[in-house]
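Q: Please take a close look at one part of this model, the hairpin and the residues that meet there, and then place that part within the whole chain.

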Amino acid sequence: MTKKQDRSIDVLIIGGGLIGATLMLALTNQGYDVRLVDVRAFNPESENANFDARTLALSPSSIKILTHLGVWPLIMNEACPISTIHVSQQGHFGVTHLHADAQETLGAV
């Protein structure tokens, strides 16, 4: 019989999606001992038939968080700025258009 080792950590994050991974990075950068667990093991080499290739839209606040964590400079060249947002529902009355000003975008895709 093997002896069980007691291991203490500060934070256990369940779920390795975008939010879980970002939280892990933020807490690790603050000196916490963090573990992240997910239903699937991370394997960047595997081609997953269930890969979700949907586009991700980031708000300006999300970009600020990713910048603070040092992630945004690594991905910003792959992103496209959002300059206009059109909000409507087919078959219903009303529409809204949002336009970025010259200094800032509405986010990035």
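A: The hairpin is described below, followed by the chain as a whole.

This is a predicted model, in which local features need pLDDT of at least 70 and side-chain atom pairs count only at pLDDT 80 or more, whereas totals for chains, interfaces and linings use all residues. Residues are numbered from 1 along each chain as its sequence is written, and side-chain values use heavy atoms, with hydrogens and water left out.

The hairpin is formed by β3 and β4, with 6 residues between them. Strands are DSSP runs of E with at least two residues, and helices are runs of H or I with at least four residues, both numbered from the N terminus. Strand β3 covers residues 84-88 and pairs with β4 in the antiparallel sense over 5 bridges; strands pair if DSSP finds at least two bridges between them. Across this pairing, His86 stands opposite His97 in β4. In the turn, Gly91 has a positive phi of about 85°.

Val95 belongs to strand β4, which spans residues 95-99. Val95 counts as partly exposed because its relative accessibility is 49%; buried means under 20% relative accessible area, exposed over 50%, and partly exposed in between, with a 1.4 Å probe and protein chains only. Not counting residues up to four places away in sequence, Val95 touches His86, Val87 and Ser88, where contact means heavy atoms within 4.5 Å.

In the chain as a whole, the secondary structure comes to 3 helices and 4 strands, and the elements run β-α-β-α-α-β-β from the N terminus on. Of the 109 residues in the protein chain, 11% are buried. Among contacts with a separation of 6 or more, 45% join residues 24 or more positions apart.

The largest nonpolar core has 5 residues in all: Leu58, Ile63, Leu66, Trp72 and Ala108. Such a core is a set of buried Ala, Val, Leu, Ile, Met, Phe, Trp, Tyr and Cys residues joined through side-chain atoms within 4.5 Å. Apart from neighbours within four places in sequence, Ile63 is in contact with Leu58, Trp72, Gly107 and Ala108.

The structure holds 1 salt bridge, that is, a side-chain nitrogen of Lys or Arg within 4 Å of a carboxyl oxygen of Asp or Glu. The side chains of Asp33 and Arg35 meet in this way, at 2.7 Å, N to O. Asp33 counts as partly exposed at 24% relative accessibility, and Arg35 is partly exposed at a relative accessible area of 31%.
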